[in-house]
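User: I've got a structure open and want to talk through its fold. Can you take a few questions on it?

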Amino acid sequence: MTDVEAIPVHQRSIALVGLMGVGKSTVGRRLARRLNLPFADGDIEIEDAAGMTVSDIFSSMGEGEFRAGEARVMRRLLEGPRLVLATGGGAMLNPNTRSVMKARAVTVWMRADLETIVERVQRRDTRPLLRGKDPLQTLKTLAEARYPIYGEADVVVDVAGGAHAQAVEAIVRALETFWKAKT
């Protein structure tokens with residue numbers, strides 16, 4: 001557990017979690033505009049902090065060093081002013097990051113079926129965990145390991161079908177329900 005002071009749920013950042021390809025960055029930008037909050041993309045913040053791309057960090061320093069940097073960036077962002085944060089798919093795996101999220105954010109698991117995710121991730125070759133591998137098999141393996149942890153999120157929203165605007169509205173409705181339950 002980490003020494004982060006919890007804040008009231010209505011004042012927390014919104015941290016989008018889920019597998020790569022579910023739309024955390026794209027939907028997160030739109031959600032931030034809808035809620036009139038700043039937006040941060042965890043991977044871009046990590047790249048800025050490291051001065052290199054996520055792929056370069058993985059290839060030159062390894063996944064372990066990437067995850068350590070990711071944890072530092074997540075903590076910095078979540079200890080700052082309220083925002084919408086698109087986390088990397090593995091960010092929530094770190095127990096300290098999960099602890100900071102619990103204290104400082106409302107976590108939203110953006111969930112989609114694996115076939116939809118495979119279709120989305122094959123559009124770009126920027127995912128180090130998928131390079132040279134069968135995307136569906138790799139995502140199945142990631143899902144088996146990560147879904148129990150994503151299941152700890154405060155809110156779960158299925159985002160497989162429909163436009164990004166529909167996902168934004170579904171998240172807004174789920175957040176409103178969550179906030180009402182907490183008052």
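Here are the questions, with the ground rules up front.

Analyst: This is a predicted model, where local features need pLDDT of at least 70 and side-chain atom pairs count only at pLDDT 80 or more, while totals for chains, interfaces and linings use all residues. Residues are numbered from 1 along each chain as its sequence is written, and side-chain values use heavy atoms, with hydrogens and water left out.

User: In what order do the 5 strands of the open sheet sit?

Analyst: Helices (H or I, at least four residues) and strands (E, at least two) are DSSP runs, numbered from the N terminus. Two strands pair if DSSP finds at least two bridges between them, and the pairing here is parallel. β2 and β5 (155-158) each have a single partner strand, so they stand at the edges. The order is β2-β3-β1-β4-β5.

User: Which residue in β3 is the bridge partner of A40?

Analyst: β2 and β3 run parallel and are joined by 3 bridges. For A40, the partner in β3 is L85.

User: How wide an arc do the buried residues of α1 cover around the axis?

Analyst: Buried means under 20% relative accessible area, exposed over 50%, partly exposed in between (1.4 Å probe, protein chains only). In α1 the buried residues are K24, V27, G28, L31 and A32. They lie on the same side of α1, because their arc (taken from the directions from the helix axis to the C-beta atoms) is only 140 degrees.

User: What relative accessible area does E70 have?

Analyst: E70 is found in helix α4 (residues 63-79). E70 counts as buried, with a relative accessible area of 3%.
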